[in-house]
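Me: I am new to this structure. Please take a close look at a single part, and tell me what surrounds it.

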Amino acid sequence: MMLISRCLHLILTDIITPSCLHHLLLEFLGTALFLSASLSGVLMLPAAGLDQPTNQSAPFAAQSGLVPVLPECPLQVVLVFGLSVAMAAVCVGGGVHLNPAVTIAMALTLRLHLWRAVLYVIGQLLGGVASAALMLVLTGDVTPALNQVSAGVWLHQAVVVEMLVTLQLVLVVMATTDVPLPAVVPPLLVGLAVSLGHLVAVSSTGCGMNPARSFGPAVIALDFTDHWVFWAGPGLGACLAALLNDLLLRPRWHRPGDWWAELKRLHVLSEKQQQVALSHLQ
């Protein structure tokens, strides 16, 4: 029990540090900015034939003249999502994840403490909900923003598609993390990977590739039909990308024992850390 209390104390001590809270805020703001720009860019169109609003205080589409309409050209979706994620990464800093799948991969490869990963995912999901709520205010309906499996596509096929597009995205993110590059290059490469994913998957699943992007509209619309697909696919893709990157493409470990030893160094208290935790508890 003492060891557990010491671990909890150190975790809480790390969580409430300005650095951790700052990164949590960046994940929320970055995800909200990215998804607000991308969803509004592809869904908001002026309603043809509507007069100018007579009641300026009412924020919804029937009075504002904005309606949520899916674009006929998928290239618009491809460009908007790719440019939006690059813009958000540049604005809030290239170190942000903006995607729970990326955070899962970073935690699995021991680049991030598990408790920080949980906080980052919470911030990303809240950012997704905030962006969907903004869409609701602007257009009155977020249903067109829902990720849905297209008719004729089996659920297992949708999972595989989501897994593959997330795999290539996370591999690009991890490559830009491991390889020294000019600061402006990683956001652009990630934006290209997001655009590529949408080219592949937008017609079959709407291209989730990011559970926060799928979660926000689902919460606001209270529609979780086949929502698990947009967690299972990206989650599997993130895990596979982590394994490929650290075991094959840019090996960090040569045997499972190396990973286990680094895991213990990252998460298990050393004797000195135990003494520090105990001194705080006394």
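Which residue just after α9 takes a positive phi, and of about how many degrees?

Reply: The residue is L222, with a phi of about 55°. That is a positive value in a residue other than glycine. This is a predicted model, in which local features need pLDDT of at least 70 and side-chain atom pairs count only at pLDDT 80 or more, while totals for chains, interfaces and linings use all residues. Residues are numbered from 1 along each chain as its sequence is written, and side-chain values use heavy atoms, with hydrogens and water left out.

Start with the whole. The protein has 12 helices and two strands. Both are DSSP runs numbered from the N terminus: helices are H or I with at least four residues, strands are E with at least two. Of the 282 residues, 43% are buried. Buried means under 20% relative accessible area, exposed over 50%, and partly exposed in between, with a 1.4 Å probe and protein chains only.

Now back to L222. This residue sits in the loop between α9 and α10. L222 counts as exposed because its relative accessibility is 70%.

Next, α9 itself, residues 211–221. At its start, a side-chain oxygen of N210 comes within 2.9 Å of the backbone nitrogen of A212. The helix has these buried residues: P211, A212, R213, S214, G216, P217 and A218. What covers them? Among the elements over these buried residues of α9 are α2, α4, α5, α6 and α10.

Step back along the chain, into the loop between α8 and α9. M209 is found there. Its phi is near 60°, again positive in a residue other than glycine. M209 counts as buried because its relative accessibility is 2%. S204 lies in that loop too. It is buried, because its relative accessibility is 12%. Leaving out neighbours within four places in sequence, S204 contacts Q148, V149, S150, V153 and V161. Contact means heavy atoms within 4.5 Å.

M209 also leads inward. With neighbours within four places left aside, L169 is in contact with M209, and also with N99, V190, A193 and V194. L169 is one of the residues with the most contacts inside the largest nonpolar core, along with F81, V170 and V194. That core has 45 residues. A nonpolar core is a set of buried Ala, Val, Leu, Ile, Met, Phe, Trp, Tyr and Cys residues joined through side-chain atoms within 4.5 Å. Elements giving two or more residues to this core are α2, α4, α5, α6, α7, α8 and α10. A second, separate core has five residues, V149, A158, V159 and V229 among them. V149 also appears in the list of S204 contacts.

Two of the helices over α9 are α2 and α6. They pack against each other at about 35°, with axes 7 Å apart. Axes are lines fitted to C-alpha atoms, for helices over the stretch in contact, and angles run from 0 to 180 degrees between N-to-C directions. The contact of α2 with α6 has 13 nonpolar, 10 polar and two charged residues. Here Ala, Val, Leu, Ile, Met, Phe, Trp, Tyr, Cys and Pro count as nonpolar, Asp, Glu, Lys and Arg as charged, and the others, Gly among them, as polar.

Helix α5 covers α9 as well. A107 belongs to α5. This alanine is buried, because its relative accessibility is 15%.

Definitions and conventions:
A polar contact is a pair of N or O atoms within 3.5 Å; within protein, one must be able to donate a hydrogen and the other to accept it, and residues adjacent in sequence count only if both atoms are side-chain atoms.
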